[in-house]
Structures are given as structure tokens and as C-alpha cells.
Amino acid sequence: MSSINLIGGSRMTRFLMLLPATLWFVILLLLPIAAIVVFSVGERGPAGGFVPAFTLEHYGNLGARWAAFKNTLTLAPLGTFGCLIIAYPLAYFLAIHTSRWKSFLLTLVIIPFWTSFLIRTYAWIYILGGKGLPSFLEFLGFDYMRMLNTPGAITVGIIYGYLPLMVFPIYVTLERLDKRLLEASHDLGAGKIATFFRVTIPLSLPGIITGSMLVFILLMGEFLIPAILGGGKVFFVGNALVDLFLQSRNWPFGAAIAMSLVVLMLITIGVYLKLVGRFHDKQALSAM
Amino acid sequence: MLRAYSTLVYLFLYTPILIVVVFSFTLSKHATSFECCGISWFGKVLENPFMMEALFNSLRIAFVSAIIATVFGTLAVLALNSMRGPMRMVYDALTYAAIIVPGIVIGIATLSALVSAFDIINPWIASVWPTSDAPKLKMGYFSVVAAHSLFTMALVIIIVRTRLESMDQRLVEASYDLYATPRQTFFRVILPYIFPGVISGFLLAFTFSFDDFIIAFFVAGSETTLPIYIFSSIRRGITPEVNAISTIIIAFSLILLFVARALEKKGLAKSGQQ
């Protein structure tokens, strides 16, 4: 398929076919991103808004929203890790143990992902709210425990919301894994546990890394989960951005925060590419 | 043991959704108490003009933005297919960037850019407009459609491209060998082959737009979409009415998902025959 000219048309036809997408990318992606860069070094207008200028003051002032960065950078890794721990055994089960029900069980993982994120998140207000789990635990004899509007509630919301996204990449690597390697390990006298930790997990690392990065990157821009389950007490960077753009209307400062979010994300992707690259080198080495 | 564990994970995945569905059939006035059972709250949803307006807005935005995304995206895939080198890399990078940049940043960026553009364009329109009631561009329906269609166009590009790349090149060669013109080859061989990809791209784009909260929250101006409506009402407390509309949305997304899967299977079966 690689080089054949499908549309058979001239350069002109191809140019015209690419035009709408090109316009969209320029007007709705490149220009807007350029706009936040410009805003982030500008000054705040008297009524909110923005006045052109060149100052790095907003970047110097990032510490004022340190709590939001701190919450994001602690709860996002924690939630990602929680997702991984819960998703891995399920992915393992789906890839290695089932055969007959596989496509049905996989669809069951996809369905929540197609269901509104907002609805799935607010559903937890029922479970974690006063009449849910806390009163059930009280009934069992425990002390009343506040669950809603805590970092714990946000972590649960994160794990719940992003679980399907973690299951898939891990499932795919485990599915492709050569099952004979597991048999070989067994034949060479390794027990089930040794095989799992020394063969299965290392071979599924690409899936683990991809899933974790996907979830982590999406979490850095998260707004809904802290807004709904954190009750305005536990802020993420996303919540700070909504506040700065829609409520307190300090656009230049908000733009500086958005830029730092993008930089953090690019660093994460860089680390990811490096990890994956190193992994491929290792595989290439062991293949020699 | 693994089986028991997996059952627990499935319970974890479905309990919250089931709670919302079950509580939408309550007769009680309060969302937290359950009195069995009736569909009166679904009737209330239909009678709530604000909710219906938000639903209608969301459907309209999802439909129009998905159409734009599908047409622009598919055209781009076809044009890019034979392209290699730095130009191709630029488009690939833009496609991935549109997907990777978090929704919240897309929302903020679009808001900043459009507001700045309107600040320049509006006085200009006013100056050339013959009367004093010149139209003013502002954030609303069109800005949401635009922001959604950018992101979903990138999704469509990836899905349709995957489908096109799985096509056997010999089909096209055979078509030419049998004296089909490029035009006939396109409409009778290539388009039917990629069609399932185009449809699943459209459905994914529609679902994304329909479910999106964060981008619309920034660029919708005074317009309300259904997720924005639901978000602002649950801030005041969950109501059975919100559960009822949520149940409708869940049912609707399930139907869309199964349609997409069925089309995918049909597409696979068809290409298997060829």
C-alpha cells in the first residue's frame, strides 16, 4: 500500500483534499497554542483579560499554586499505580486464562469506557457519600469515617475512571507473548511465582509502561474527578486552570500554568520514549 | 482465584453505573432514597425544557462536529497516503499533538485564541456594517463544534489510516489491470474498503463530542451542553432527574457501541471474502 497513489489525482487534487485538515490544524491547534504562549508572558488587564507585554513574572509566580501542582503530582502517580495493580491481574486473566468468553469479557471492559466519564464519576458520590459505604461500615461497628471530599476519594475515582485504559495495553502485550516461554521457564524448574516475576512481568513491560504513561498524561489535565469527589477541598492543576480562566479571570497566570502543564507532559513523554527505547535495545541485545 | 478476582473487578466497574440506573427508577423526590419503582422521573426529564435544550445542543454539536471530523479526516488520510518525507512527518506530528494535548489545554488555548480574534474582528465588522446593529462574533455553538472537530478529526485520521493500511495493494492494482479509471477504482474499490473505518471513526467522534465536558466548559460561552448541565446540577446535589437523563445517555452509548462493533465485524467479514 505504501507508495501507490490512491486518488490518482494531480498535485492540485491532493492539495485541495489536504486543505481543510491543514486549515483546522493551523487555526484550531497551532494558533491557539501560540496564543497561550503569548498570553503567558503578557499582563493582566484591569477587567481580567490580557494586555500584551513581555514579563516572566507569571512563571516566577507558579509557586502560588504549588498546592495544585503538589496534589496532581502525588495523586496522579498514586492513582496510576493503583490502576496498574488492579488492572494487571485482570489483563493477565483475559490474555492467558480465558478463551471462550474472551471477546465478551473484553467488551465488558470497553463498555464503561464508552459511558460518560462525568456520570461514572458522580456515581461515586452515592458510594462514598454519608449514606453509602461510611454508614455501612458504621453498621458493621466501625467509627464513622468521612470518605467524600478526601484525597482517598479522588484516588478511587481515578482508579475507577482510568482502569479500562490501563487494562488494554497490558492485555495486548500479554496476548502477544509467546506462551512457549512460560512453558520453557516451567521446564527449567522455575515455579509459578518465579515464572511470573522473572518471565511474564519483564516481557509485559512495554504494555505496563504504555498504560501507565497514557493514564498519567491524561491525569495531569484532570478536572472532573477532583471537582466532583474532592468537593473543592483537594485541587488539581486542572481545577486551578478553571478557576483562573473562568472565575478569577487571571488569564496570563492561567496561561503560564497551562504552559507548565504542557512542559511536564512533554517531559513525561520524553521519559516514556527513553524507557521504551531502552527496552527495545535490551530486547535487540538479547535477540543477538 | 484469578477468576474470583476478575469477577470482583467487574463488580467494581459496573456497580457505580448500576446504582445510577437503579436510582433513576425511584419514586422518591430525593436522589439518595429509593422507593420502588416507576418511570416518573423520565417523564420529568422530557418536561424539563433546560435539560431538553442541553440534550438537543449536545446532539447537534456532536453530529455536526463528527461530520466535519470524518470528512476532513478521511480526505486528509487519502491525500497523505502516497506522501512521504518531511511533509508527511509534519502532518503525523500535528495529528498526535491534537490527541496528546490534554482537553483542558485545548479548551484554554481555543478560548484565548478565539477571544483575541473576536476582539480584532468585531470592531472591524462594526466599522464596515452599514447599520449600528452589527453582528458580534462570540463564543458559543460554533466554537464548541470547532474545538471538538479538531480533536476528533485526529482520531478519525488514525482510525481510517489504520484501515487503509490494512488494505491489500493488489486490489488496487487488479482494479487498474481491469481498466478501471482512477475515479472508478476510488469509488468502487477503495471507498467501500475503508468505509467501516470511516463509520467507526464517525461514531467515535460523535461519542467523544457528546461526552466531552472540559473543552465545552471553556469554549461554550453562554451555551449549555448536556455534560455542562449535568455538572452544574450535581454541584447543587444529585437529583433523580439527573439519574434519569444519565440512564438515557448510558443506554444511548451502549447502542452506539454495539452498532460500531457490528459494523466492524461486518467490515472484517467482507474483507475476508475478498
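**Backbone outliers, secondary structure and chain contact in a predicted two-chain model**

A:R249 counts as partly exposed, because 16 C-beta neighbours lie inside 10 Å of this residue, a number that falls between the limit of 12 or fewer for exposed residues and that of 20 or more for buried ones. In this predicted model, A:R249 adopts a positive phi of about 50° although it is not a glycine, and its place is in the loop between helix 12 and helix 13 (251-287) of chain A. A positive phi of about 65° is likewise found at A:N149, which is not a glycine either. A:N149 belongs to the loop that runs between helix 6 (133-139) and helix 7 (151-176) of chain A, and this residue counts as partly exposed because it has 19 C-beta neighbours inside 10 Å, where 20 or more would be required for a buried residue.

The secondary structure of chain A consists of 13 helices and two strands. Strand 1 (residues 43-45) and strand 2 (residues 48-51) of chain A run antiparallel and are joined by two bridges, and the two strands of chain A form a hairpin in which two residues lie between them. Within this pairing, A:G45 has A:G48 of strand 2 of chain A as its bridge partner. Strand 2 is also the element of chain A with the lowest mean pLDDT, at 76, whereas the highest, at 95, belongs to helix 11 (residues 224-229) of chain A. Over the whole of chain A the pLDDT averages 87, and 94% of the residues score at least 70.

Helix 12 (residues 237-247) of chain A, which precedes the loop holding A:R249, packs against helix 3 (residues 66-97) of chain A, the two axes coming within 8 Å and crossing at roughly 145°. Helix 3 of chain A contributes A:A68, A:F69 and A:T72 to this contact, while helix 12 of chain A contributes A:V237, A:N239 and A:A240. By residue class, the contact between helix 3 and helix 12 of chain A comprises four nonpolar and two polar residues, with no charged ones.

With regard to overall dimensions, the radius of gyration of chain A is 24 Å, whereas a compact globule of 288 residues would have a value near 19 Å. Taken along the principal axes, the C-alpha atoms of chain A fill a box of roughly 75 × 75 × 35 Å. Of the 288 residues of chain A, 39% count as buried, and among the contacts in chain A that link residues at least 6 apart in sequence, 71% join residues at least 24 apart.

Chain B, in turn, has 11 helices and zero strands, so that, by the assignment of helices and strands as DSSP runs, its pattern read along the sequence is α-α-α-α-α-α-α-α-α-α-α. The radius of gyration of chain B is 23 Å, set against a value near 19 Å for a compact globule of 274 residues, and the C-alpha trace of chain B spans about 70 × 70 × 35 Å along its principal axes. Buried residues account for 44% of the 274 residues in chain B; among contacts in chain B between residues at least 6 apart in sequence, 79% join residues at least 24 apart.

The two chains meet through 64 residues of chain B, which are in contact with 62 residues of chain A. On the side of chain B that touches chain A, the residues divide into 47 nonpolar, 15 polar and two charged.

Technical notes: Residues are numbered from 1 along each chain as its sequence is written. Chains are lettered from A and ligands numbered from 1 in the order in which they are written. This is a predicted model: local features need pLDDT of at least 70, side-chain atom pairs count only at pLDDT 80 or more; totals for chains, interfaces and linings use all residues. Two strands pair if DSSP finds at least two bridges between them. Helices (H or I, at least four residues) and strands (E, at least two) are DSSP runs, numbered from the N terminus. Two residues are in contact if their C-beta atoms, placed from the backbone, lie within 7 Å. Ala, Val, Leu, Ile, Met, Phe, Trp, Tyr, Cys and Pro count as nonpolar, Asp, Glu, Lys and Arg as charged, and the others, Gly among them, as polar. pLDDT is the predictor's confidence in each residue, from 0 to 100. The radius of gyration is taken over C-alpha atoms; the globule rule is 2.2 Å times the number of residues to the power 0.38. Axes are lines fitted to C-alpha atoms, for helices over the stretch in contact, and angles run from 0 to 180 degrees between N-to-C directions.
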